[in-house]
Amino acid sequence: MVVAEIRIELKPGVADPEGKNTKKALELLGFNDIKGVRSIKMFEIEMDADPAVARRECEEMCRKLLANPVIQKFRVDLR
Amino acid sequence: MKDVKVCVLRIEGTNCEDEAAQAFASVGATPEKVHLKQLLGQCPSDLKRDLGSYDILMLPGGFSAGDYVRAGAIFAARMKSGLKKDIVRFVEDGKPVLGVCNGFQILVELGLLPALDGTMSEAPEAALYTNDSGRFECRPTLLRQERKGRGVFTSGIPRGSVVMYPSAHAEGKLMFPRSEEGKMLDRLLENDQVMFRYVDPEGDYAGYPWCPNGSLHNIAGICNPAGNVLGMMPHPERVLKRETHPDWTRAKWKEDGDGLSLFRSAVGSIR
């Protein structure tokens, strides 16, 4: 069995209102050393497949559902 | 007069199907609330429905599949997996498809909008992403109808007229790939695909709060190049009667709410 970690994040230059708002809230709580906050989404997918196959399928999952290529990029890590 | 059958399509989390059905019923059409599984045949046989037997497809608002992954992404993936051919045929037959709010997000995720090259793109060509404010924005919004040509949705809404449809969304900012933004906007405008843009009470294009989301070019609604697929963030089905306009006691009395003409146009195009 392999576990794939799929990381979905915004492409560089795409505004991240969630990250910005989170930063503001953290600062209100007194955390004053924050330079930036980015929101990133992670999916952990357990698969019964050969690592090479699993990677290919995970990338296909990203293209078909998990990421919108207009604003997001993805990375697949197997462990 | 022809009986106009409307498929108001829903899955779990859709929540504007009643108003959408009522909108079509109030202009004399026959709406039916249909679960996606009924079109996919995953239901008892007497409940099965065929998309091709309807004249109009309506994708109402809501939070389909809990907005998981991205708003509209799961509904779109489920439609694509089992209904792609039927949808493409429906659109290519010139039948009206209307997506409001979550319905617009679904149409974009499906690749039915903006559909710059053909009926349906393989991957999304645009995104409806988190409002600039980072919040759910819910208030009356003013929209100007900007299409030059006549289409199935525009016959009752002359170019330049301003309508009030309320907005209620957290992800309504229309975006294109950053490097191609200008080029794609030019193509949208050349194709006469921009139908609604947010304006202020003077009729000028304005920023927040008149534009609730920071959308490119103040765009609130776009159609496909053929004009029969329309997606928009604001809700015309919430203003069928004058009493649902916030200023109805102050303004000059009219029976109809602003939203009615959109549905009347779509139904009238079938008759």
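The following paragraphs describe the contact between chains A and B in a predicted model, and then several local backbone features.

The contact draws 19 residues from chain B and 15 residues from chain A. On the side of chain B that touches chain A, the elements giving two or more residues are α3 (73-92) and β5 (127-130) of chain B. The greatest share comes from β5(B), which gives three residues. By class, this side of chain B holds 11 nonpolar, four polar and four charged residues.

In chain A, Ser39(A) lies in the loop between α1 (17-28) and β2 (41-47). Beyond its neighbours within four places in sequence, Ser39(A) is in contact with Asp16(A), Glu18(A), Gly19(A) and Thr22(A). Pro17(A), 22 residues away in sequence, is 8.8 Å from Ser39(A) in space, C-alpha to C-alpha. Ser39(A) counts as partly exposed because it has 16 C-beta neighbours inside 10 Å.

The remaining features concern the backbone of chain B. Most residues other than glycine have a negative phi, and most peptide bonds are trans. Val69(B), in the loop between β3 (56-59) and α3 of chain B, is not a glycine yet has a positive phi of about 70 degrees. Cys101(B), in the loop between β4 (97-100) and α4 of chain B, likewise has a positive phi, near 60 degrees. Val69(B) has 19 other C-beta atoms within 10 Å and is therefore partly exposed, whereas Cys101(B), with 29 C-beta neighbours inside 10 Å, counts as buried; the cut-off for buried is 20 or more.

Cis peptide bonds join Leu113(B) to Pro114(B), with omega near -5 degrees, and Tyr208(B) to Pro209(B), with omega about 0 degrees. Pro114(B) is placed in the loop between α4 (102-110) and β5 of chain B, and Pro209(B) in the loop between β9 (194-199) and β10 (219-223) of chain B.

Definitions and conventions
Residues are numbered from 1 along each chain as its sequence is written. Chains are lettered from A and ligands numbered from 1 in the order in which they are written. This is a predicted model: local features need pLDDT of at least 70, side-chain atom pairs count only at pLDDT 80 or more; totals for chains, interfaces and linings use all residues. Two residues are in contact if their C-beta atoms, placed from the backbone, lie within 7 Å. Helices (H or I, at least four residues) and strands (E, at least two) are DSSP runs, numbered from the N terminus. Ala, Val, Leu, Ile, Met, Phe, Trp, Tyr, Cys and Pro count as nonpolar, Asp, Glu, Lys and Arg as charged, and the others, Gly among them, as polar. A residue is buried if 20 or more other C-beta atoms lie within 10 Å of its own, exposed if 12 or fewer, and partly exposed in between; C-beta atoms are placed from the backbone.
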